[in-house]
Amino acid sequence: MLKRVALRALDAAIDWTVVVLTYLLAVGVRVGGRIDSSDPAVALMLLGGAGVLQVVGNILFQVYWRNWNLAALEDLIAIVKASVLPAAFLLVINALTDPHYIPTGSIVTGAGLVIVVQSALKLRPRWRRIMSAAVGRRTGRQKLIVVGAGPTGQLFARHLIDDDVHREIVCFVDDDPAKRRTYVRGIRVAGGVELLPDLIHRYAASMVVIAMRSQGGTLVRRVLELCEPLNVAVRAVRGFDVMGEAATPLRTIGIEELIEREPVRFESHEVRAYLAQRTVLVTGAAGSIGSEICRQVVRYLPSRLLLLDTNESGLHDLQASLDSNVDTELLLADVREQANLRRLFAEHKPSVVFHAAAYKHVPILERTPLPGIAANVVGTASILAASTAAGVERFVFISSDKAVSPTSVLGLTKRAGELMTIAYARHYSRRYAVVRFGNVLGSVGSVIPTFSRQLDRGGPLTLTHGDATRYFMTIGEAAGLVIEAGGIAEEGDLLVLDMGTPLSIRDLAMKMIKLRGLRTPEDVEIRYVGLRPGEKLHEELFSADETATGTEHPRVLRAKSTTPIPDVGAVVDAAQRIEALIGSGDEGGALAALRRVTQYAPRTETGGDRGKRAAEPS
Ligand SMILES: NC(=O)c1ccc[n+]([C@@H]2O[C@H](COP(=O)([O-])OP(=O)(O)OC[C@H]3O[C@@H](n4cnc5c(N)ncnc54)[C@H](O)[C@@H]3O)[C@@H](O)[C@H]2O)c1
């Protein structure tokens with residue numbers, strides 16, 4: 001504290017001296033080095049007074065309390081304001097005296113000089129940088145081109161110029177025609193993104209930094225495509241630590257950004273209306289998709305959000321991370337326990353249910369099918385029964401492309417879930433529907449986090465097959481579309497998300513390697529381990545008996561199927577039978593019963609209760 005006061009006092013003493021000397025210089029220069037005054041002693045006293053007034057002005061305009069390391073125009077204006085005070089004092093004295101003690105012209109020149117000298121002194125922490133900017137580019141520094149001359153690019157440039165002596169920005173590129181050929185912090189906006197290859201050559205740049213608050217997938221893809229043949233790293237600005245005023249480190253581009261498609265604006269009254277002021281329940285809320293659905297549902301302002309899962313810590317973390325005023329409640333419960341579900345549903349009365357709780361790993365369910373069948377089939381039957389009993393108006397069953405012509409236990413369980421949901425919807429005439437989609441990037445246990453971990457360890461990357469393809473979507477897009485699909489779903493609908501074209505897993509691995517600035521096989525090996533039991537080479541979104549038709553949503557399709565749907569009595573019986581078989585540990589029996597549900601065909605005999613018990617073993 002004492003030290004700070006002493007430093008400020010020293011600063012003030014320097015300012016006083018600077019003012020006196022600067023005005024003396026102004027007087028002297030004007031008349032060839034002599035003090036031109038009617039009374040030099042009075043003139044010196046007046047200049048001493050002006051020095052005191054400068055210090056007072058500096059105090060009034062908080063010049064001593066500013067961080068000159070981060071000075072902006074406003075800080076320099078404070079010096080100008082403070083410097084008006086001594087000049088005004090001397091001019092008033094002149095107005096009252098004749099002859100003048102100090103020539104009026106010297107006062108004006110002196111005031112200007114004081115502003116310049118004071119500013120230069122206050123900006124001394126930045127002298128080194130100002131000098132290097134004046135001298136021009138330095139050799140040995142890494143040369144960067146920044147994509148985006150908007151606020152993020154400007155902030156990035158400021159931090160780089162101020163804090164980074166090893167890197168320099170050689171130019172900006174920006175597609176906005178208004179920004180072209182302008183200067184940002186003294187650096188030229190050379191033109192649009194298409195100029196990148198030319199500019200990289202011209203400036204011998206070794207890094208391109210995307211600095212935009214929301215960089216759409218299209219821009220990221222374009223930048224990467226343009227830079228791919230050139231030997232440059234592409235990075236993005238991670239963000240800014242606003243409190244610390246520091247730029248956070250540059251990050252590598254995530255594969256999600258490369259795959260992400262431009263969001264389609266879909267403003268539907270239906271979507272808003274079915275969630276706003278409703279009680280919404282999400283099963284599997286602690287999981288990858290369930291938690292993202294929760295994060296997005298709160299934006300529609302439901303009256304309550306019920307988070308159901310068996311994962312206690314996951315529920316706790318989700319609730320803590322939900323940044324919303326919506327009333328949330330944790331329901332630590334197992335979807336297989338129907339009695340408990342009925343009690344919870346009767347108590348909390350949800351209007352809308354998203355059913356995402358499931359086991360989902362193909363190889364694990366191949367090895368241990370019973371827990372998977374229990375969670376995915378018995379669990380779905382229980383949730384549906386509890387939902388209808390409690391009067392749930394809308395129900396969305398989250399399905400997967402593995403349900404199409406299933407070759408795995410997981411696929412069979414998801415297909416059974418689809419049929420059960422449609423059966424309940426038809427029987428109870430409710431807007432219960434299925435939303436089916438392919439792989440979600442970044443979900444727990446999926447290929448991207450697996451590859452990332454393998455890359456962190458230095459490889460190898462393990463791929464099942466060189467020709468394997470999968471549909472991919474980001475988790476945010478999938479959850480958003482599930483919510484929108486829930487709004488347009490009719491009774492018993494099977495809606496399928498438009499996932500674009502399937503991607504080669506090998507290409508994905510190669511891209512991830514490249515994004516890290518690595519090469520294969522030099523830096524990372526790719527190892528093929530073969531398809532595991534139940535896995536397909538290619539996934540499909542529609543089965544042979546399904547035809548895709550459009551809906552009002554550009555990214556949601558409706559599957560029209562010729563497959564007969566079992567009635568609700570049949571699915572209830574089948575679920576009970578399967579539950580009993582699981583209880584007795586009869587794996588073969590449970591699997592056979594599951595297959596019969598998914599291969600349902602109505603009985604052809606005439607008379608009797610046709611279709612009533614169609615899901616029974618035949
Ligand atoms: N991840 C994908 O790529 C993908 C793609 C298409 C469809 N899906 C489907 O989406 C759903 C969710 O997938 P995810 O990736 O979020 O999986 P996840 O494993 O991240 O989440 C599943 C959640 O369900 C919970 N759960 C499991 N059994 C339960 C039970 N008996 N009672 C209550 N909660 C239980 C788990 O604790 C977990 O939190 C699954 O039905 C999956 O088939 C996933």
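This passage walks through one open sheet and the two helices packed on it. The model is predicted, so to speak on paper: local features need pLDDT of at least 70, side-chain atom pairs count only at pLDDT 80 or more, and totals for chains, interfaces and linings use all residues. Residue numbers start from 1 along each chain as its sequence is written.

The sheet has 7 strands in the order E3-E4-E2-E1-E5-E6-E9, with mixed pairing. Helices (H or I, at least four residues) and strands (E, at least two) are DSSP runs, numbered from the N terminus, and two strands count as paired if DSSP finds at least two bridges between them. At the edges sit E3 (183-184) and E9, each pairing on one side only.

Moving across the sheet, E1 (residues 142-147) runs parallel to E5, joined by 4 bridges, and Val146 stands opposite Val209 there. Val209 also faces Arg235 in E6; E5 (residues 207-210) and E6 (residues 233-237) are again parallel, with 4 bridges. The sense then flips: E6 and E9 (residues 250-252) pair antiparallel over 3 bridges, with Val237 partnered by Leu250 of E9.

As for the helices, H6 (residues 151-163) packs on the sheet and touches E1, E2 (167-173), E3, E4 (187-191), E5 and E6. Contact here means C-beta atoms, placed from the backbone, within 7 Å. The direction of H6 makes about 160 degrees with that of E2; axes are lines fitted to C-alpha atoms, for helices over the stretch in contact, and angles run from 0 to 180 degrees between N-to-C directions. H7 (residues 196-203) packs on the sheet too, touching E1, E2, E4 and E5, at about 150 degrees to E2.
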